[in-house]
Amino acid sequence: RKLSPAFHQALLSFCRMSADSRLGSEVSRIADSEKSVMLMLGRCLPHIVPNVLLAKREELIPLILCTACLHPEPKERDQLLHILFNLIKRPDDEQRQMILTGCVAFARHVGPTRVEAELLPQCWEQINHKYPERRLLVAESCGALAPYLPKEIRSSLVLSMLQQMLMEDKADLVREAVIKSLGIIMGYIDDPDKYQQGFELLLSALGDPSERVVSATHQVFLPAYAAWTTELGNLQFHLIPTLLNKIEKLLREGEHGLDEHKLHMHLSALQSLIPSLFALVLQNAPFTNKAKLQGEVPQIEVTRFPRPASPLQDVAIIIGSREQLAVLLQLYDYQLEHEGTTGWETLLWVVNQLLPQLIEIVGKINVASTACVHEFSRFFWRLCRTFGKIFTNTKVKPQFQEILRLSEENIDSTSGNAVLTKATVPIYATGVLTCYIQEEDRKLLVGFLEDVMTMLSLSHAPLDSLKASFVELGANPAYHELLLTVLWYGVVHTSALVRCTAARMFELLVKGVHETLVAQRVVPALITLSSDPEISVRIATIPAFGTIMETVTQRELLERVKMQLASFLEDPQYQDQHSLHTEIIKTFGRVGPNAEPRFRDEFVIPHLHKLALVNNQQSVDSKRLDIATHLFEAYSALSCCFISEDLMVNHFLPGLKCLRADMEHLSPEHEVILSSMIKECEQKVENRTVQEPQGSISIAASLVSEDTKTKFLNKMGQLTTSGAMLANVFQRKK
């Protein structure tokens with residue numbers, strides 16, 4: 001063709017092409033090398049990202065990362081990584097995982113220096129971002145990138161960033177991620193100067209108000225820190241002793257009120273360190289060099305170790321493999337049984353330093369604190385289960401037995417065997433003697449509880465330690481039969497003191513034990529005791545009978561108990577038994593509000609009325625006031641129940657009036673309150689309206705006006721009787 005160039009160009013101008021815009025120029029020159037592709041992506045991506053739907057933006061991550069990796073210009077790379085970290089306004093869990101996966105791939109590709117120079121600044125920038133999802137991304141990045149950073153940066157800048165976030169971030173989820181990343185950092189850090197900083201971070205994490213953060217600390221941070229501590233040789237010489245000293249200090253300072261939260265915090269940390277301690281003992285044993293994997297490896301029983309809180313607390317994972325652990329365990333048991341512990345420094349430290357200190361601590365905790373007893377019991381259980389049966393039998397039990405010397409000649413009727421009243425008893429019984437449950441182990445537990453019951457009874461000592469053992473063991477139905485066996489031993493004991501104790505202990509068991517057991521084992525034992533030659537034993541059964549009325553639903557059983565209580569109240573031989581009457585009134589006050597309404601209406605309230613009538617005739621003022629005070633407590637408790645009009649007129653009001661007659665002479669402050677109660681009851685009866693034909697009335701329901709309430713409470717505050725009981729007056733029965 002012989003077209004002139006001018007004609008040719010004019011002809012082509014009819015094809016619409018745009019080369020004078022930004023996009024036009026990109027489109028018109030195709031990249032002809034890898035480098036030009038990278039440059040083109042670097043120029044185009046910042047314009048593409050804002051125009052992609054938020055929900056689909058993670059599709060761009062490979063492009064952004066690849067370009068950021070290979071782009072020659074530092075400024076452009078920085079812009080691309082900035083885009084990556086700001087790609088999604090509030091990245092969800094999956095999107096964050098995708099971004100982190102990309103960051104790790106980037107880090108592997110470019111090496112530590114560029115990760116420090118290019119990725120870390122992006123994290124630092126977002127450390128205080130307003131959206132928690134962005135701060136989460138930062139916290140998670142610190143852990144994910146830890147293996148790819150220069151080591152001095154890991155233990156300085158990254159550690160500082162995480163520390164700042166742990167102390168300052170308000171979001172639990174962010175602090176939880178921080179803790180996991182700190183754990184990963186602890187797995188890589190190798191600067192011993194940072195050990196103390198790590199310990200302070202650990203204490204902060206353990207004391208965090210969020211359960212999630214504390215849980216992550218036990219699962220990740222603590223075991224990782226313990227592994228480093230072990231490498232530095234500090235586990236037995238700093239970490240465990242420091243936590244023990246903190247517990248001792250709490251107990252010293254807590255004579256007027258123990259900080260149970262802090263105790264839990266330190267003790268649970270010690271508990272999480274047991275697997276690391278056992279691994280240290282195995283790895284520094286006389287037989288460690290002989291532990292070769294050859295031939296058939298013995299199987300580890302599934303129940304050999306307590307279930308670990310996380311894989312990092314699994315002894316097999318700490319040691320290296322289940323096979324290696326199996327070989328070591330076989331040698332460990334053989335060594336303990338046949339060759340002893342001479343020269344085995346790590347184990348001797350546990351036996352000669354850790355155990356005595358723990359047992360001493362246990363003797364100082366308040367036996368009445370159910371939470372503390374439970375915590376220490378779980379701790380010893382885990383310790384014994386981890387270190388195994390031979391260790392428990394040969395190293396733990398003898399140390400407790402040495403302290404809890406149970407022998408008849410130790411009975412001193414004035415002071416009692418002091419250690420038997422301490423928390424050492426329930427913690428030994430429930431933490432050590434329950435670790436293994438073969439027949440001989442159960443016999444040992446039964447024998448121990450029987451001995452404690454006998455010793456405490458014969459030396460007239462408080463029963464708190466025995467009660468604490470029963471409460472802790474009674475929480476598990478597997479031990480109910482065993483506890484009933486112990487109590488039956490008390491029921492048939494030759495000493496009335498021991499029989500009294502058995503009667504009192506039944507009260508604790510009734511609430512947790514299945515009704516069938518109550519019918520078959522508890523009630524027959526109590527009926528036996530209720531016809532005991534000793535009146536003190538009979539009286540001691542009353543609280544347990546009361547608790548049965550409060551908790552059992554079987555009609556036949558309730559009738560048997562009611563008959564027994566009726567015989568106590570109506571048999572002429574008990575007419576002048578002051579202590580029996582006080583025990584019955586106290587029991588009625590305690591169980592009346594929760595007992596079956598029919599029992600309360602037909603039995604409790606009429607009998608309280610009779611007791612109040614009889615008390616009017618009492619000539620000894622001290623006894624009269626004693627009974628009157630207990631009656632006042634009982635009426636205060638029952639006043640929150642709904643009482644039928646008939647019952648109110650025939651029994652409740654007359655009973656209150658008898659009580660007022662006693663109090664006029666003996667305690668005017670009580671008399672004022674009783675007069676108000678009587679007035680309220682009478683008004684309520686008079687004001688029965690057509691709208692409330694045959695219903696029930698409650699004094700509590702009528703005591704609503706603020707003035708009355710304030711007046712009552714002011715008076716009550718001046719009295720010696722329990723405020724909690726009196727406060728019931730103002731509460732409706734739920």
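## Arginine 114 and its partners

In this predicted model, arginine 114 is partly exposed, because its relative accessibility of 23% falls between the limits of 20% for buried and 50% for exposed residues. Its partner in a salt bridge is glutamate 118, and the closest N and O atoms of the two lie 2.9 Å apart. Glutamate 118 is buried, with a relative accessible area of 11%.

Both residues belong to helix H7, which covers residues 112-125; because they are four residues apart in this helix, about one helical turn separates them. The pairing also has a wider setting: a network of salt bridges links Arg114 and Glu118 with Arg77.

## A salt bridge between distant parts of the chain

Aspartate 169 and arginine 135 form another salt bridge through their side chains, with an N to O distance of 2.6 Å. This pair joins distant parts of the chain, the two residues being 34 residues apart. Arginine 135 lies in helix H8 (residues 132-145), whereas aspartate 169 sits in the loop between helix H9 (151-168) and helix H10 (172-188).

Both partners count as buried. The relative accessibility of aspartate 169 is 8%, and that of arginine 135 is 12%.

## A salt bridge within helix H10

Helix H10 holds a further pair. The side chains of arginine 175 and aspartate 172 meet in a salt bridge of 3.0 Å, N to O. Because the two residues are three residues apart in helix H10, they are separated by about one helical turn.

The partners differ in their exposure to the surroundings: arginine 175 is buried, with a relative accessible area of 6%, while aspartate 172 is partly exposed at 33%. In general, side chains of opposite charge can pair when their charged atoms come close. Across the whole structure, a search finds 24 salt bridges.

## Overall architecture

The chain contains 36 helices and two strands. Its C-alpha trace spans about 140 × 85 × 45 Å along the principal axes. The radius of gyration is 38 Å, whereas a compact globule of 734 residues would have a value near 27 Å.

Of the 734 residues in the chain, 51% are buried. The exposed area amounts to about 35000 Å², of which carbon and sulfur atoms supply 53%. Among contacts with a separation of 6 or more, 73% are between residues 24 or more positions apart.

## The annotated repeat

An unreviewed UniProt entry places the feature "repeat: HEAT" at residues 522-560. In the model, this span is 79% helix and 0% strand. The C-alpha atoms at the two ends of residues 522-560 lie 12 Å apart.

## Confidence in the model

The average pLDDT of the chain is 87, and 91% of the residues score at least 70. Over residues 700-713, however, the pLDDT is below 50, although the stretch has 21 contacts in the model beyond near neighbours in sequence.

Residues 715-734 likewise have a pLDDT under 50, and the model gives this stretch 44 contacts beyond four places in sequence. Where pLDDT is low, the predicted coordinates should not be read in detail.

Terms used:
Residues numbered from 1 in each chain as written. Predicted model: local features only at pLDDT ≥ 70, side-chain atom pairs only at ≥ 80, totals over all residues. Heavy atoms only, no water. UniProt positions renumbered as here; feature names shortened; annotations may be inferred. pLDDT = per-residue confidence, 0-100. Contact = heavy atoms within 4.5 Å. Salt bridge = Lys/Arg side-chain N within 4 Å of Asp/Glu carboxyl O. Buried < 20%, exposed > 50% of the residue type's maximum accessible area, 1.4 Å probe, protein only. Rg over C-alpha atoms; globule rule 2.2 N^0.38 Å. Areas by Shrake-Rupley, 256 points an atom, 1.4 Å probe, with all protein chains shown as cover.
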